[in-house]
Amino acid sequence: MGPVRPRDQRGVVFPSPVMILSIVAVTMAGVAWFATRDHEPTERLVTPSAQHSPSAHHSTYTKPKNHQKPPIPALDRSKVLVEVFNNSSVSGLAGRVASQAAQRGWQVVGSDNWYGTIPASTVYYPPRLAKAAHQLSLDLGIRRRMPAVSPMRLDRLTVILTGPLAPAH
């Protein structure tokens, strides 16, 4: 070994990622403010295009002749994303139930363990997937359905299992 170089006290300090992101965000906000401060608002007054006529106020309502409601489209299970979580001590439960859901046509995108307190097996759903949640709960034999909460993703149904399921009818 050659002679040992004494260490000097010089070095490089990198700012934390949070600080870097903060600087970038403030810079972008400043640029956006500067770029838009001299522009006129783009809001416009919208006026109705129909002209008012005396006969328009005295029109009569006629019932449509066809009294049938349009058919409700069938639920396409393959287009609904589903995640299954195990919140019980039963090993492999989420994987088995995920397989059951996939066999019934649901697009299962994952299964894992859930850490938290859930009172009963539940299908959690975002508002736009409420009907799909009802169908999934029927398919799996889960009675409890609830709106999704954080940290659940809002583009899919989330199933959290607290124990083995009774066979679905």
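This report describes the fold, the cores, two helices and some single residues of a predicted model.

## Overall make-up

The protein has 4 helices and 5 strands. Read from the N terminus, these elements come in the order α-α-β-α-β-β-α-β-β. Among the contacts with a separation of 6 or more, 72% join residues that are 24 or more positions apart.

The chain of the protein has 169 residues, and 23% of them count as buried. The exposed surface comes to about 14000 Å², with carbon and sulfur atoms supplying 59% of it.

## The nonpolar cores

In soluble globular proteins, nonpolar side chains tend to be buried together. In this model the largest nonpolar core has 20 residues. V84, W106, L136, L157 and V159 are the members with the most contacts inside it. Two or more residues each are given to this core by β1 (81–86), α3 (93–103), β3 (122–125), α4 (130–140) and β5 (157–161). Helix α3 gives the largest share, 5 residues. Another core, of 7 residues, lies apart from this one, and its members include I118, Y124, A148 and I160.

What does V84 touch, leaving aside its neighbours within four places in sequence? V84 is in contact with A94, V97, A98, G110, S111, D112, V159 and L161. Of these partners, A94, V97 and A98 are among the buried residues of α3.

## Helix α3 and the loop after it

The buried residues of α3 are L93, A94, V97, A98 and A101. They lie on the same side of α3, because they cover an arc of only 125° around the axis. An α-helix has 3.6 residues a turn, so residues three or four places apart point the same way. The buried residues of α3 pack against β1, β2 (107–113), α4 and β5.

Just after α3, G105 takes a positive phi of about 105°. Most residues other than glycine have a negative phi. R104 is found in the loop between α3 and β2. Is R104 buried or partly exposed? Its relative accessibility is 39%, so R104 counts as partly exposed. R104 and S78 are 26 residues apart along the chain, and their C-alpha atoms are separated by 9.2 Å.

## Helix α4

Helix α4 has the buried residues A132, A133, L136, S137, D139 and L140. These cover an arc of only 160° around the axis, and therefore sit on the same side of α4. They pack against β1, α3, β3, β4 (144–147) and β5. Helices α3 and α4 thus appear in each other's lists of packing partners.

Just after α4, G141 takes a positive phi of about 80°.

## A buried threonine and a buried tryptophan

T158 is found in strand β5. With a relative accessible area of 1%, T158 is buried. Leaving aside its neighbours within four places in sequence, T158 is in contact with E83, F85, T122, V123, Y124 and M152.

W114 is found in the loop between β2 and β3. Why does W114 count as buried? Its relative accessibility is 17%, and a residue counts as buried when this value is under 20%. Beyond its neighbours within four places in sequence, W114 is in contact with F85, N86, N87, P151, M152 and I160. F85 and M152 are thus contacts of both W114 and T158. W114 and A94 are 20 residues apart in sequence, and 9.7 Å apart in space from C-alpha to C-alpha.

## A cis peptide bond

One of the contacts of W114 is P151, which lies in the loop between β4 and β5. The peptide bond that joins S150 and P151 is cis, with omega of about 10°. Most peptide bonds are trans.

## A nonpolar patch on the surface

Which residues make a nonpolar surface patch? I20, V24 and M28 make a patch of about 280 Å². I20 lies in helix α1 (residues 17–36). At 42% relative accessibility, I20 counts as partly exposed.

How values were computed. Residues are numbered from 1 along each chain as its sequence is written. This is a predicted model: local features need pLDDT of at least 70, side-chain atom pairs count only at pLDDT 80 or more; totals for chains, interfaces and linings use all residues. Side-chain values use heavy atoms; hydrogens and water are left out. Patches are made of residues with over 30% relative accessible area and no salt bridge: like charges are joined within 9 Å, nonpolar side chains (Val, Leu, Ile, Met, Phe, Trp, Tyr) within 5 Å. Accessible areas come from the Shrake-Rupley method with a 1.4 Å probe; for residues, only the protein chains shown count as cover. A salt bridge is a side-chain nitrogen of Lys or Arg within 4 Å of a carboxyl oxygen of Asp or Glu. Buried means under 20% relative accessible area, exposed over 50%, partly exposed in between (1.4 Å probe, protein chains only). Contact means heavy atoms within 4.5 Å. A nonpolar core is a set of buried Ala, Val, Leu, Ile, Met, Phe, Trp, Tyr and Cys residues joined through side-chain atoms within 4.5 Å. The arc is that of the directions from the helix axis to the C-beta atoms.
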